[in-house]
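Work through these exercises with the sequence and the model side by side. Try each task before you read its solution.

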Amino acid sequence: MAVEATSCTATVFLPAAGSALTLSNLRDNRQIALTFSRGIDHRSLQVKGQLIEISETTEAQRLLQDRYFTRFSEGLIFIGHQEKLLRRIRYFPSYALRFQLESMFDQTPGPGAGRIAGVSS
Amino acid sequence: MIRLADLQRCFAGVLPSIISTCSASGVPNVTYLSQIFRVDERRIALSCQFFNKTKQNVAENPFASVQVIDPVTLQTYDLDLRFDHSQTSGPLFDKMATRIQAIASHTGMLGVFKLLSADVYEVLAIRELEGSLGPAPADQDQDQHQDSEPAPLSLRSELRALSAVTERLRGATDLDGLLSTLLDALREELSFEHAMLLLPDETGKRLVSLASRGYGESGIGAEVRIGDGLIGTVAQTEHTIRLTNVAASLNYGRAIGRTAQDHGAHAPGAEIPLPGLPDAQSQMAIPLLAHGRLAGVLAVESKNPLGFEEWHETFLDVIGHQLAIAIENMMLRAEAEEAQAITRSAFPPKPTKAARVLRFCFYRNDDCVFVDDEYLIRNLPGRILWKILRSFVDGARAEFSNRELRLDPSLGLPPIKDNLESRLILLRKRLEQKCPELRLVPKCRGQFRLETSCTLELVEKDSG
């Protein structure tokens, strides 16, 4: 996910494979929720917002995805997942979903899960 | 058509699953799940440990979507669900709660996180996410080929293994032989390389390992408090636990521990070391129950995160039931035969002048026995050893009966179900490992002889 701090918008990349239902839902009510988790300690965040636009991913964005996927894979390999398996994951072609960030929640497992961690002004 | 049974690996907890719900006003919510349990061919149960947005949303709008990933292939599946009901008691709830309790206990978080409800959902549809993966690695093709073996052949193999293990158990003539036979059979028939059998001690508050395979000497005499960790939780709840991807499960417990502390909970207690392999990736423990009483726990471990499947659990449940009955019968028979046994007070042979000296020290505070400054044994087996050694040295007796031990009030055996037989096995094995110059040799049923060519020196002290 790429965040533009000044406008409080973010772009997330959705692999085209198997995306039809998600895209249909987004076009229907434009509300989006995303959860991110760090495998090593389960630190997790959920962000919610309103969809601004859906577009096909550009080559420049693809480079961003490659960098992100490399770091994502390194984290998974560190906790014991096999590199040869991770290389199977296809994240391109994909769609870029740009959305307005509205709220953020701590989603780390435990009694505080669901606590508001940030709200867009 | 994809069946729920086909997704068993996805539910093993190796890769986390994700649930998406939506409020009545259309606000989506996405979060990770800790546990999915297949209830039957059309329903799954999800664990609920904290009241959360998911719970609120399904109360308003019962439709949900769960995404699961096969840890062997990374293939993703989407499950369309409809919330059915929540269970807060009963066999399904107990099974899911026991697993969470074991993780909580191990990570020192007992009571901080626990199962609030098992939420049962009807599965409306299962979809494979097509096109999300590139070609499989060559060795994985092989694995998948093996997985696609016809089920009837596999089932026949499992039944043959069950029959072979049962047949071997039938041949055992005493408790020690029974336990050893089982572990050998499990290794040879099922390739369970790391296994241990633990029986309750005389207090009923601890389990002690009496037989093990794959742990070297450290396997015998290992103790676990009932209620502690995986094995202790199985003993307390009397429910089987199968943990896959142990490292991730424990990490999950630790994550909860940290956030619980942020929210005012006490700091987590000390973690309980996993008995056995330091790098175990899957574990399974089965309570051995006979006539409503816990006869012991059978625990197996593997370095493979998916080392134990659902059928292993069923298989060991069947074996465990037979084993528990056999343990009870062996102990009852031993007691009955001891009652008729006559003890001869044979005299020990005089040690030669050049004989090696073994120095035993008994610490009265904790009933602990050391030999040549090295820990040997404690508690009831320690008291028994000390009584035998005293009689041997002071009274010059070499033969003893189980019956006289049972009748000796100074040993403090409980009046019923004293597990004496298992205590003597532990004592015998600890001597074999730590002091082979001293042997407890079975004579006939309920009698044994102390043999040694060494000179024994005995000292009693108050503190260890």
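**Exercise 1. How many Å separate the centres of domain 1 of chain B and domain 2 of chain B, taken over C-alpha atoms?**

Before the solution, some ground rules. This is a predicted model, in which local features need pLDDT of at least 70, side-chain atom pairs count only at pLDDT 80 or more, and totals for chains, interfaces and linings use all residues. Residues are numbered from 1 along each chain as its sequence is written, while chains are lettered from A and ligands numbered from 1 in the order in which they are written.

Step 1. Find the domains. Chain B has domain 1 (4-128), domain 2 (151-245 + 281-336) and domain 3 (357-461). These bounds come from an automatic or database domain assignment.

Step 2. Take the centres over C-alpha atoms. Domain 1 and domain 2 of chain B are 29 Å apart by this reckoning.

Step 3. Look at the contact. Domain 1 of chain B gives 14 residues and domain 2 of chain B gives 16 residues. Two residues are in contact if their C-beta atoms, placed from the backbone, lie within 7 Å.

Step 4. Sort by class. The side of domain 1 of chain B that touches domain 2 of chain B holds four nonpolar, six polar and four charged residues. Ala, Val, Leu, Ile, Met, Phe, Trp, Tyr, Cys and Pro count as nonpolar, Asp, Glu, Lys and Arg as charged, and the others, Gly among them, as polar.

**Exercise 2. Trace the open sheet of seven strands in chain B.**

Step 1. Write the order. It is β2-β1-β5-β6-β7-β4-β3 (chain B), with antiparallel pairing. Strands (E, at least two residues) and helices (H or I, at least four) are DSSP runs, numbered from the N terminus. Two strands pair if DSSP finds at least two bridges between them.

Step 2. Find the edges. β2 (28-33) and β3 (36-38) of chain B each have a single partner strand, so one side of each lacks a neighbour in the sheet.

Step 3. Check the twist. Neighbouring strands of this sheet are turned by 35° against each other on average, direction ignored. Axes are lines fitted to C-alpha atoms, for helices over the stretch in contact, and angles run from 0 to 180 degrees between N-to-C directions.

Step 4. Take one pair. β1 (residues 17-22) and β5 (residues 63-69) of chain B are antiparallel over three bridges. I18(B) faces Q67(B) in β5(B).

Step 5. Add a helix. α1 (residues 53-60) of chain B lies across β1, β2, β4 (43-48), β5 and β6 (76-87) of chain B, at about 45° to β1(B).

**Exercise 3. Which residues of α6(B) are buried?**

Step 1. Set the cut-off. A residue is buried if 20 or more other C-beta atoms, placed from the backbone, lie within 10 Å of its own.

Step 2. Apply it. Seven of the nine residues of α6 (residues 229-237) of chain B are buried. They are G229(B), L230(B), I231(B), G232(B), T233(B), V234(B) and A235(B).

Step 3. Look past the end. E238(B) follows α6(B) and has a positive phi, near 60°.

**Exercise 4. Place strand β9 of chain B among its partners.**

Step 1. Judge its cover. Six of the eight residues of β9 (residues 206-213) of chain B are buried, so β9 is largely enclosed by the rest of the structure.

Step 2. Take β8 (residues 194-200) of chain B. Six bridges join β8(B) to β9(B), antiparallel. L199(B) is opposite V208(B). Five residues lie between the strands of this hairpin, where G204(B) has a positive phi near 75°.

Step 3. Take β10 (residues 223-225) of chain B. β9(B) and β10(B) run antiparallel over three bridges. Here R206(B) stands opposite R225(B).

Terms used:
A residue is buried if 20 or more other C-beta atoms lie within 10 Å of its own, exposed if 12 or fewer, and partly exposed in between; C-beta atoms are placed from the backbone.
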